[in-house]
Each structure stands twice: as structure tokens, then as C-alpha cells.
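Q: I am new to this structure and would like to understand the reasons behind the words used for it. Could you take me through a few of them with care?

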Amino acid sequence: MKLPYTLPSKAILLILPFFTALLCVGIGRYSISIGESFAVLFGVFAGNTESISPQAFSVIFNIRLPRIALAVLCGGGLAVSGTAFQALFTNPLATPDTLGVASGASFGAALALLMGFTALGVQIVALVFGLVAVTLSYSISKIRGKSTIIMVVLSGLVVSSMFNAFVSVIKYVADPENQLPSITYWLMGSFTSVGYQNLAIGAPLILAGVGTIFALRWKLNILSLNEDEARAMGLNVKLMRLSVIVAATLITGSTVAMCGQVGWVGLLIPHTCRMVFGGNNSRLVPSSISLGAVFMMVIDTAARAATAAEIPISILTATIGAPFFILLLRKTGGVWL
Amino acid sequence: MIFTVQHASFEYHRHTPVLKDMNFRVEPGQVLAVLGPNGAGKTTLLKCMMGLLNWKEGQSAIDGTPLPQIHYREIWRKIAYVPQAKNQPFSFTAEEMVVMGRNAHLGLFGQPGAEDYACARRAMEEVGVTHLRDKLCGEMSGGEMQMLLIARALSTQPSMLVLDEPESNLDFRNQLVILSAIERLARERHISCIFNTHYPAHALKIASHALLLTRGGESLFGPVREVVNEENMRGAFDVNVRIDEVWVDRKSYASVLALSVAS
């Protein structure tokens, strides 16, 4: 299943997300053909709006496009954070949540929901607590001014379970009639209520994070060696580690803040890419962004179009992702790890 | 480039010095062998002298300029480190691994370009591992990996190589391959080499100078024939040895025979 990372592969990785977006924008209860979607999108960007049906315009621009944008940002972002953390921690099991950012953000969101904040308030409080959790993990791991990778991972584990316990506390005290269901549903992840306003806060942070990791993609290779070796190659290991952690935290924190916990993407996509294109992060980073975005668009389209009621995202990522991952593992024996 | 260490000491815990008042000097094309029993601080010495650990007193210097006064990337363009070939990541190909040696020449967000890959290929050619180019590191033997790590260090185009026990864990033949590679780099390319070793015979074989460490943190530095002798070996290792010359085809080879543990 190995593919060469040459021009055709790169072209496919570049075009696939756009093609998927065009396809997904037409799928739903109000069905729009690819041709019509293309005409609407192209027409608007070309400034020619006369021939467009107002209904198609409204469905595409007010409902589906923000969701697709969010799916692209979350999918690409979570996948690339996973890739970065797996390189940084030299551990194939690392996920974007290894330092506890998702647990922290979940706690923040649950707290804000309990206090009856608006959607925007929930997003901001969640992001702040995500950052708090990672800062906590990182400072706990520091012993005499130095932090080893194993200490960082361990303290991430501790901080993560602590915030999970706090979430349970909030659920316990929440009003079971309306607050508890909304917290529970939020935690399962959904792109439903996302508008341009939420995107305006989340998107720049996610893009900044993805941009940073993309710029450092080759350096991730060196970062995955042992510390002395990396330093002896003239790499500023401390600065690189911190940059990657901050970038991945911004991505994951913003993602959880906008659409709750979306599991599996950060593990599934990087490993799929690793199997197809090999372990070089110069290839893994761009391919994770592309395939992560595609995967999330497909999942979200299934979530909103498969049944009359919305299916929570993490149920789908796990039920589709896990068997697919098992299939990959069984077929290849995990040789790419 | 002339590398010097002057009046340097190091300790992990207060008042238990690991290395005391180290003094040595390595000139272009010289090979320095660092010898000493387990726990004498050979690896610690390498790390301290390259600045991966900080000396408690004294300093290392390149051409007279103390290391802390030189920008880190500048240091690592001149000194290349060859770690032991263990715990290497699986998923990089040989070429991807070797080109990492170019990092010290690249900027903060730099990526290797065509020139860097050409440099990596030349380095692989130089130590004879071109055939491994697309092989995964995880599928290599210990000998192949060690040669590859030397190639990676060479792709930096350094003035000095620092090798941490490059020939331990290798078989007979691979030990010779590594040693003659070091000897050739020093002689033909005038790269100074500092290597740690457990084998006094290997020091006598390729080194021009030797640095002998003892468990108390004392050290002895000088031309290899003066340092590696029967008396000093007994003093440092508590082993009675016999050092002889063996003549084969009118060429002399040093042989170090361990006789017994000294009481």
C-alpha cells in the first residue's frame, strides 16, 4: 500500500480536500448537484449572483459552508497535531490530547455551560482552560529547570485525569433536566451550532498552529531523535519543543472549544499517512492536513445527512475510524510504526 | 581547528567530582582515544567538552574562543557528534537520516534543499554506505547503522568528529571497518577525531594521543604510546596486562593481552 511521494501524489493531496468540499456541500436534506454547487460558489466568487437560486445560496453559505470550513480546520488541525506529538514524544500512541488540552477544554466548556454562558462564552472559557491544562502539565514536568519527555507525558496523563474528574463533578452537580444533556451532548462533539462568529475566533488560532507545524515539518524528524543527538545537530531543542507544543495546543484547544471532543482523528490519520508515505515528517505533515480535512468532511456529512437527527461526531469517528484502523493494522502488521 | 579543554571539572553531586582538572588539546588530523573503566565518566567527558553538559569549572575552546561565547549553530557546524547506534528510530530511510546532519547549516524554519541532499550523498559515498540509501534504519544491522551515523556526522562537513564508543557492540570485521574509517578521515581529510573506547588495543591502533580516566576523576593525557602502557593500564583498570608488538609482513601491530585482575 506504499505510495511514492511524487508530483501525482502531491497533486491528489492538494486537490482532494477541495473536491470533497464541493461534493459535501451538495449533500443533505436539501440536495444540490455538484454542477449547481460549483455554479453557486464560482458565481459568488466571480461576482455573478443573478443566476443563483436564493435557496441554494442560503443553504450553502449560511449552513453548510461554515460547517465544512470547521470540519476542514478540525480534521486537518487534529491530524497534524497528532503527527507533531507522535514525533515530539517519539511515541506512536501520542494523541493531540497527550498533554491534557482536550480534558482541560472540556472542563472549561462544561463549566461555562453550567453557568449558562452563550456559545461564544463557552468557546472562550474552553480555550482558556485548555491552555491552563497544558501549562500545568508542562510546569509540573519541570525538574530543576529541565523537563524530559517521559516526565511531560506522565504529567500530561495526571493533569488529564484530574480535569476529567472535574468534568464529572460538573456533570454531577448539573441540573439533569436540561444542563446535563447539553453538557453530555457537547462533550460528544458536534458541528451543528457553528457560525462564522465562532470561526472568526477559532480559525486564526488553528491556522497559526497548523502554519507553525507546517513550517517546522522537517525539524520534527530531528526532534524525534534523542535530545543530545538533536542538540548536537544544532537544533534548539527547547525552543522547538515549546513551539510545537504551543502550536498543537492552540489547534486542539480551539477545536474542542468550537465543537467538543472529536476523538480518533489525531491517531487514525497520522498512522494511515505513515503507512502510505513512510515516516518522514516532511511528507507526513502535509498529507495529514489534507487527509484529516477530507476524513472530517466525510464524517460530518454522514453525521448530518445519514439520519434525520444529528449523530454526535465522536461516535462516528470511533465507529468508522476504529474498524478501519484495525483493518490497516491487521493487513500490514503495523510495520510502519 | 584546534580544540582545547583547560582546567575543566565536572560533578553531578556536590563534592563528588566525576572529572577533575581536565587538560587536553586536539589538533587537525589528530585522533584522541579516551580510555577508562566503566563509570570513570567517559561519556560525561564527551558531553561536557561539547557543551551538552556544562563544566562546573574551566572551559572547552575552539581556536582559543571559549565554547559559551560561540553561537550554538556555529559550534555544531564544526563539531559533529556520532552517538552509539542504539535506540535509533525505525521509520526513516538512510538518506533521510543522513541529511539531518545538514541542520546546523539551515535556518530556524529551514528545509534541506538539493545541495544538502547532494552533500548527504557524498557523505554516504565517503564511508561506503551508498547502497543503503533507501533502506529503513529499523532494518539495518548495528554495523550499518554505525557507519550511517558517521555519514550523517560527515554531511555536516565538520572539522572535528566526536564518537561515543563507535566500535562497541560490533563484530570483529565491523570494528576494523569503523576504526579504519576514523583513521582515514583523520589522515586524508585532517578531521580531528575524539573517540571513547573500551579497547586499549584500538587506541594503540589508530590514535595519536590518549586520555586515560580513572574512577577518582584523575586523568592522564599524552601521546598514545606514553599513556597506554602496562603500568598505567594496571593503575586505571586494576588489570595486569602485557603489551607487545606483533610483526606481520614487516608491519607491526600492537597487542594488548589482559593477564589477570590485579589485587
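A: In this predicted model, 22 residues of chain A are in contact with 21 residues of chain B. The elements that give two or more residues to the side of chain A that touches chain B are helix H9 (219–223) and helix H10 (227–232) of chain A. The largest share of that side, four residues, comes from H10(A), and by class the side has nine nonpolar, nine polar and four charged residues.

Q: Why is B:Tyr253 called exposed?

A: A residue counts as exposed if 12 or fewer other C-beta atoms lie within 10 Å of its own. B:Tyr253 has 12 C-beta neighbours inside 10 Å, and therefore it counts as exposed. B:Tyr253 is found in strand S12 (residues 251–261) of chain B, and, leaving aside its neighbours within four places in sequence, it is in contact with B:Val246 and B:Val248.

Q: What separates the C-alpha atoms of B:Tyr253 and B:Leu204?

A: The C-alpha atoms of B:Tyr253 and B:Leu204 are separated by 8.6 Å, while the two residues are 49 residues apart along the chain.

Q: Why is B:Arg250 called buried or exposed?

A: B:Arg250 has 5 other C-beta atoms within 10 Å, and the limit for an exposed residue is 12 or fewer, so B:Arg250 is exposed. Its place is in the loop between strand S11 (239–248) and S12 of chain B, and it has a positive phi of about 60° although it is not a glycine.

Q: What makes B:Glu165 count as buried?

A: A residue is buried if 20 or more other C-beta atoms lie within 10 Å of its own; because B:Glu165 has 21 C-beta neighbours inside 10 Å, it counts as buried. B:Glu165 lies in the loop between strand S7 (160–163) and helix H6 (172–189) of chain B, and its phi is near 40°, a positive value in a residue other than glycine.

Q: How do you know that S4(B) and S5(B) pair?

A: Two strands pair if DSSP finds at least two bridges between them; two bridges join S4(B) to strand S5 (residues 65–66) of chain B, so they pair, and they run antiparallel. In this pairing B:Ile62 stands opposite B:Thr65 in S5(B). The hairpin of S4(B) and S5(B) has two residues between the strands, and in it B:Asp63 takes a positive phi near 50°.

Q: How many bridges join strand S1 of chain B to strand S4 of chain B?

A: Five bridges join strand S1 (residues 3–13) to strand S4 (residues 57–62) of chain B, so with at least two required these antiparallel strands pair as well. B:Thr4 stands opposite B:Ala61 in S4(B).

How values were computed:
Residues numbered from 1 in each chain as written. Chains lettered and ligands numbered in written order. Predicted model: local features only at pLDDT ≥ 70, side-chain atom pairs only at ≥ 80, totals over all residues. Contact = placed C-beta atoms within 7 Å. Nonpolar A, V, L, I, M, F, W, Y, C, P; charged D, E, K, R; others polar.
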